[in-house]
Amino acid sequence: MMATIIVDFQNCFIFILLCFFSLLCYTLFFKKPKVTLPPCPPSLPIIGHLHIFLSVLIHRSFHKLSSRYGSILYLRIFGSPIVLVSSASVAYEIFRAHDVNISSRGFPPTEDSLFAGSFSFISAPYGEYMKFMKKVLVTNLLGTQALKRSRRVRADELDRFYDNLFEKAAKKETVKIFDEALKLTNDSICKLIMGRCGLEEEGVVERVKGLVTELDVLSKKILLANMLPPWLKKLVLSLFEKEVKALSNSFNELLEKVLVEHEEKQEEHHHGKDLMDMLLAAYGDENAEYKITRDHIKSFYVDLLFAGVTNSAIPIEWTLAEIINSPKTLERLRGELDSVVGTSRLIQETDLPNLPYLQAVVKEGLRLHPPEPVFERFSQQGCKVGGFYVAEKTSLMVNAYVVMRDPNYWEDPDEFKPERFLDMWKDEERKKQALKYIPFGRGRRGCPGENLAYIFIGTAIGVMVQGFEWKFKEEKVNMEEALAGLSLIMAHPLKCTPVARTLNPLTSR
Ligand code: HEM
């Protein structure tokens with residue numbers, strides 16, 4: 001009898017232990033967290049959603065997913081989580097409620113390279129270094145006062161842009177619009193950020209253009225590699241390590257030359273200090289607010305060229321294509337230019353505030369064809385977005401392309417209708433809507449080059465419409481899209497022949 005009781009007691013004890021152990025296992029391994037993650041579309045074993053990130057038109061693949069599964073989605077590449085934001089309301093929420101938390105872009109993917117490396121401004125976390133460089137950037141290059149001071153540089157480049165088209169028109173030559181636009185933005189930005197003359201004679205400007213094009217192509221690979229788990233990221237990055245090193249070395253060699261030239265000619269600056277002078281001064285100043293190195297300066301320059309040159313050129317081509325496809329727009333725009341600027345001089349950037357329709361045309365071009373259709377942020381802490389939990393250290397991909405075609409906020413979202421921007425910004429509600437217009441991103445890490453970009457695109461489109469008729473062989477321009485790196489470009493580059501509207505060339509002076 002006693003023996004039976006002991007056995008029962010033992011069994012009971014083992015049973016309780018088993019229950020306790022199972023409960024522990026369940027809690028540790030199987031129990032779902034209390035938080036609700038965003039919906040996760042079906043994925044492939046092991047690689048997760050990697051195949052979607054490898055698709056040719058990533059913004060459209062993301063669009064298909066979000067139309068089916070929701071405006072905020074949980075994706076993963078191997079084990080790495082990525083949250084995809086695809087509606088105007090969610091974009092609005094993350095920039096309004098979580099701006100500081102999402103003001104970093106993850107870890108720099110390539111450690112000692114001059115781009116996307118540990119010296120990079122774009123990859124820098126939201127903190128002292130980033131704030132210091134942004135202040136220098138706004139004060140010396142991109143803020144209103146700095147832009148006023150550098151007007152002459154851009155006016156000269158705009159004249160050249162026009163003269164070149166005028167010459168081609170005289171020879172009845174066909175023009176590749178993107179190439180002309182890229183020359184304008186590349187040459188202008190080089191001169192704005194590197195200051196001193198002599199750049200052209202030494203071929204610096206032309207070399208920069210080639211390097212920036214190479215960088216655009218590498219950027220998608222780098223971004224993708226950065227989303228992989230650390231062990232795999234190392235492996236993948238090693239596959240194109242040589243390419244990255246070679247490009248970084250080319251930038252280094254070129255920028256070191258420009259820096260040395262700047263240092264040698266410090267005394268010759270009769271026209272005030274430029275961005276490079278200010279950075280060199282901070283570099284040599286023991287008591288500077290933030291101690292920067294030579295690599296910081298070079299890497300900052302690579303960032304500016306990468307972020308500014310191609311992005312500003314792409315919308316010039318897309319917007320002209322939209323104008324050619326819309327005779328009504330062309331007529332109204334030309335009417336505005338002829339009545340405000342007249343026909344005896346060329347448009348200048350100081351005319352832009354008096355040309356609301358031109359501004360609306362530029363905005364609409366950027367809405368439909370944002371050069372960076374998808375951009376990335378990174379959450380520092382866990383937060384709630386759209387009712388779902390986004391864990392700390394999660395990549396956030398914002399599909400700006402879809403946000404700006406969200407039918408809940410944009411009437412006839414796929415149509416080119418510049419008029420919509422004429423009525424916008426009037427009342428509070430409209431102002432709120434403006435926060436869903438994000439070709440330049442938003443918040444603390446939003447694009448600091450927005451004003452400069454509007455000047456480039458506005459004046460270039462102004463010159464092309466004011467100065468020329470455009471002959472195009474087919475009835476309509478083919479608006480098919482392609483991605484070059486992460487930039488949204490025209491699959492069939494726009495080629496057309498300018499016909500000058502005046503016998504003699506116009507000048508802006
Ligand atoms: C149409 C032309 C341009 C477009 C569409 C564009 C778009 C963007 C976008 C989407 C971002 C990321 C914003 C975010 O994360 O919220 C960005 C960042 C940036 N852009 Fe632009 N950009 C343009 C022109 C320029 C120009 C002309 C410059 C300067 C020369 C410039 C400099 C930068 C820099 C430095 C950043 C990084 C800001 C940071 O990390 O804090 N961009 N741009």
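## Helix pairs and two open sheets

Helix α13 crosses helix α19 in a right-handed way; a crossing counts as right-handed if the near helix is turned clockwise from the far one by less than a right angle, and left-handed if anticlockwise. What you have here is a predicted model, where local features need pLDDT of at least 70, side-chain atom pairs count only at pLDDT 80 or more, and totals for chains, interfaces and linings use all residues. Residues are numbered from 1 along each chain as its sequence is written. Helices (H or I, at least four residues) and strands (E, at least two) are DSSP runs, numbered from the N terminus.

**Two helix pairs**

Two packed helices are described by the angle between their axes and the distance between the axes. The axes are lines fitted to C-alpha atoms, for helices over the stretch in contact, with angles from 0 to 180 degrees between N-to-C directions.

| Helix pair | Angle | Axis distance |
|---|---|---|
| α13 (residues 294-325) and α19 (residues 450-467) | about 40 degrees | 9 Å |
| α9 (residues 204-226) and α11 (residues 241-264) | about 150 degrees | 11 Å |

In the pair of α13 and α19, α13 brings Ser312, Pro315, Ile316, Thr319, Leu320 and Ile323 to the contact, and α19 brings Ala453, Phe456, Ile457, Ala460, Ile461, Met464 and Val465. Residues are in contact if their C-beta atoms, placed from the backbone, lie within 7 Å. By class, this contact has 11 nonpolar, two polar and no charged residues. Here Ala, Val, Leu, Ile, Met, Phe, Trp, Tyr, Cys and Pro count as nonpolar, Asp, Glu, Lys and Arg as charged, and the others, Gly among them, as polar.

The helices α9 and α11 are, by their angle, therefore roughly antiparallel (angles over 145 degrees count as such, under 35 as roughly parallel, 65 to 115 as roughly perpendicular and the rest as oblique). Their crossing is left-handed. On the α9 side, the contact includes Arg207 and Glu214, and on the α11 side it includes Glu243 and Phe251. The contact of α9 with α11 has nine nonpolar, one polar and three charged residues.

**The four-stranded sheet**

Strands β1, β2, β7 and β4 form an open sheet in the order β1-β2-β7-β4, with mixed pairing; two strands pair if DSSP finds at least two bridges between them. At the edges sit β1 and β4 (374-378), each pairing on one side only. From one strand to the next, the twist averages 30 degrees.

β1 (residues 72-77) runs antiparallel to β2 (residues 80-85), and six bridges join them. Leucine 75 faces isoleucine 82 of β2 as its opposite number. Two residues separate the strands of this hairpin, and phenylalanine 78 takes a positive phi near 50 degrees. On to β7 (residues 395-399): β2 pairs with this strand in the parallel sense over four bridges, with valine 85 opposite valine 398. Helix α3 (residues 58-69) lies across all four strands, β1, β2, β4 and β7, at about 95 degrees to β7.

**The three-stranded sheet**

The order in this open sheet is β3-β11-β8, and the pairing is antiparallel. Its edge strands are β3 (175-176) and β8 (468-471), each paired on one side only. Two bridges link β3 to β11 (residues 495-500), and valine 175 has cysteine 496 of β11 as its bridge partner. Lying across β3, β8 and β11 is helix α7 (residues 151-170), which runs at about 90 degrees to β11.

Definitions and conventions. Two residues are in contact if their C-beta atoms, placed from the backbone, lie within 7 Å.
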